[in-house]
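Visitor: Before we begin, could you take me through this structure one feature at a time, with the general idea placed ahead of the particular case?

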Amino acid sequence: MIVKRVCTLIILVTARYTNGENNGSFPDTFLFGVAISSYQSEGAWNVDGKSESIWDAFTHKNPSPIKGGHNGDVACDSYHRYKEDIALAAGLGLDFYRFSISWSRVLPTGYDNEVNEIGLQYYKNFVAEIRKYDMIPVATIYHWDLPNNLVSIGWDNLKMVDLFVNYSRVVIKNLPDVGVWLTINEPKQICHSGYGDTLLAPAKNSSGLAEYMCAYVVLKAHAETYHMYKEEFNNYTAKMSIVIDCQWYEPLTSSAADKEAAERFINFECGIYAHPIYIGDWPIDLKFRIYERSLMENYNKSRLPELTLEEINYIQGTADFFALNTYFTYMVNDVPEGDPNITSFQNDVRIEKTYVKGAQLGANGFPVVPWGVYKMLKYIKNAYNDPVILITEMGFSEYGLTLEDDLRILFFMDYFNATLEAMFQDGVQVIGISAWSLLDNFEWVDGYSAHFGFYYIDFTDPNLTRIPKKSVEFFKKLVEKKSLPILENYQNSGADNKIFNSIVNNLLGIFIIFYILFIQ
Ligand code: BGC
C-alpha cells in the first residue's frame, strides 16, 4: 500500500513520456480506474440521517422532469452494497476508484454545525474498503447533489464559497486516507445546465446571467478550498484538482469565422474554468464577447463578473494536475448576431453545432469521435502549460438492455488509442483514465435508460444483481496487460468490422496499384 501511495505521488508530478511510437501499450506507471457518483449510485436517499438533496427534490417533482419518472431513491443501492461494488472494481485489477461524497449525508443542514456521524462513518468505511484492495480512493467532494436546505442560497450566491469550504474541511479532516481530492465535478454542468437551463437541478433557467455568477462562485469556492487544504492539511500528501469537462469542437469550414467560433465555444464551456486556474483570468475572447454583447443588450457592464487582480492571483495555480472529463465532439460554425432583446448563453457564444459525419451515437446521444479526444488532449497541453492530465471520465452508453456491449468495447479501444496517440506522438502528459462507469446507474435526465456500466443492473428487479457485460473481460485484460488487446478476441463487435474494413481497403489499394502498373 505504501508503495502505491508513493507511486501515485511521483506519477502525479511527472508523466513525461518520450515521444515515440504508439504501439498500443500504456506506460507501466499508467493508472486505470472507474468512476461513479453518490446520487447516481447510493440510493438510501433518506436513510441514517441523510437529508434531501436538490436531486431528491428535483426527481420527486410532479410531473417528473426525468425520463420514465425515474429517481435515485434506491439507484444501485450502493449505500448498502458498497463492499460488493468495490470488490467488483478490485476484480477488474484497477489502480483507483473514483466516487463522490453526498453533502447532505454528511451535513444534513448543509452547514458544518451538525455532522451526521453515521453518514461520515459510511465514507470512512468506504475509503477503508478501497484501501483494503490496495486501490487509491479518488474522492469528489461535490458531484451536483447540494443539500436542498441550501438551494435558496445556491451556486449563484457568494455565500456558497464559505459553505463549500466548511463542508470540504469536514470531509478532508475525516478522510485522511483519500489518495486524490477532486473538489467539484464539471462546473459547466452545474452552472450551464443547472443555473442557465432547466436540464439539471436546481433548474434555475437564468441563461447568460446566473450561470456566469455561478461560474465565478464555483471558481472561488474551489480556489478557497484548495488554499484551505494546502494551509490546514499540510501534512497530507494527496493531490487536489477540480474536474473540468472539455469537449472538442471542430470548425465546420476553414473560414476564420468558423475557426473562431469553435475556439470560442471551447472557451465558453471549458476555458471559462480552466483558464482562470491554469493561466489566470477569464479567456480573453470570452471576456470581450460577453462584454460586447452585454452592452448591445443595454446592460451597463458585462454580465460576466470581473475578476480583480487579487482574485486572479488567488485562483491561478489552484490545481495540482488537470482532471479532465471528455466524451464527445461536434462540428461548429459561426452564426449571425441574435436578437439584442434576448439575453442568453446562445446569443453570447453565437455558434451552431452539427454532428461529425458518420459518428456513432451513444444511447444518450453523445457522438463518438476518437480524433476529437486526440485533439482535445493536444489542445489542453498547448493551452494550459502542458499540465499532467488525469482523465477522470470517459464512457459510452450502450443501446437497449444488452450484455453484448460490443460498441462499448469499440469505444474504449478507440478512445484509449486516441489517448495513446496524444501521449506518444505529442508528449501529452496523461497519467491515467477512469472509465465511466463501473455499474449501470442513474443517468440524470435520462434516468435508467442510458447504460454506461461494465456491469448491467435491471433496476426493476429488487435484487439489483450486478451482471457482468462482455466489456468486463475486455477491460480486465486491458488493465492487466496495460495494453490494448487484439480485437479478434471480441468477436462480432463493430471493432471487427473496422479491422475487416481496413483489410478490404488495403487489398483494394494493392489491387489498384497492380492494375495501374500491369494491366492498364
Ligand atoms: C458526469 C456523470 C454523467 C456522465 C455521463 C458526466 O457529465 O460527471 O455524472 O453520468 O457524464 O453523462
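Guide: Let us start with empty space, keeping in mind that this is a predicted model. Rolling a probe the size of a water molecule over the atoms shows where empty space is left. In the present case, the largest pocket holds about 790 Å³ of space.

Visitor: Which residues lie nearest the centre of the largest pocket, and how many residues line it?

Guide: The lining consists of 35 residues, and those nearest the centre are Lys188, Gln189, Ser193, Phe328 and Phe366. Sorted by character, the lining of this pocket comprises 16 nonpolar, 10 polar and 9 charged residues.

Visitor: Which helices and strands each supply at least two residues of that lining?

Guide: They are the helices α8 (187–194), α10 (256–278) and α13 (345–349), together with the strand β9 (351–354). Of these elements, α8 gives the most to the lining, with 4 residues.

Visitor: Where does the ligand sit, and which residues come nearest to it?

Guide: The ligand sits in the largest pocket, with 13 residues around it, of which Gln40, His143, Glu186, Glu443 and Trp444 come nearest. This shell around the ligand divides into 6 nonpolar, 4 polar and 3 charged residues.

Visitor: How should I read the polar contacts of the ligand?

Guide: One looks for pairs of N or O atoms within 3.5 Å, and three side chains can be taken in turn here. An oxygen atom of the ligand is 2.5 Å from an N or O atom in the side chain of glutamate 443; for the side chain of histidine 143, the corresponding distance from a ligand oxygen is 2.9 Å, and for that of tyrosine 327 it is 3.3 Å. As for burial, the ligand taken alone exposes 310 Å², and the protein buries 95% of that.

Visitor: Turning to the backbone, which peptide bonds are cis?

Guide: Here one reads the omega angle of each bond. The bond from asparagine 62 to proline 63 is cis, with omega near 0°, and proline 63 belongs to the loop between α3 (54–59) and α4 (78–91). Another cis bond runs from tryptophan 436 to serine 437, with omega near 15°, where serine 437 is found in the loop between β13 (430–436) and β14 (455–456).

Visitor: What is the value of phi at alanine 44, and where is this residue placed?

Guide: Phi of alanine 44 is near 45°, which is a positive value in a residue other than glycine, and alanine 44 lies in the loop between α2 (38–41) and α3.

Notes. Residues are numbered from 1 along each chain as its sequence is written. This is a predicted model: local features need pLDDT of at least 70, side-chain atom pairs count only at pLDDT 80 or more; totals for chains, interfaces and linings use all residues. Side-chain values use heavy atoms; hydrogens and water are left out. A residue is near a molecule or strand if one of its heavy atoms lies within 4 Å of it. A polar contact is a pair of N or O atoms within 3.5 Å; within protein, one must be able to donate a hydrogen and the other to accept it, and residues adjacent in sequence count only if both atoms are side-chain atoms. Accessible areas come from the Shrake-Rupley method with a 1.4 Å probe; for residues, only the protein chains shown count as cover. On a 1 Å grid over the protein atoms alone, a cavity is a set of points where a 1.4 Å probe fits but cannot get out, and a pocket is an open set with protein on both sides within 12 Å along at least five of seven lines; lining residues have an atom within 4 Å of a point. A molecule sits in a cavity or pocket if more than half of its atoms lie within 2 Å of its grid points. Ala, Val, Leu, Ile, Met, Phe, Trp, Tyr, Cys and Pro count as nonpolar, Asp, Glu, Lys and Arg as charged, and the others, Gly among them, as polar. Grid points are joined across faces, edges and corners, and a volume is the space filled by probe spheres set on the points.
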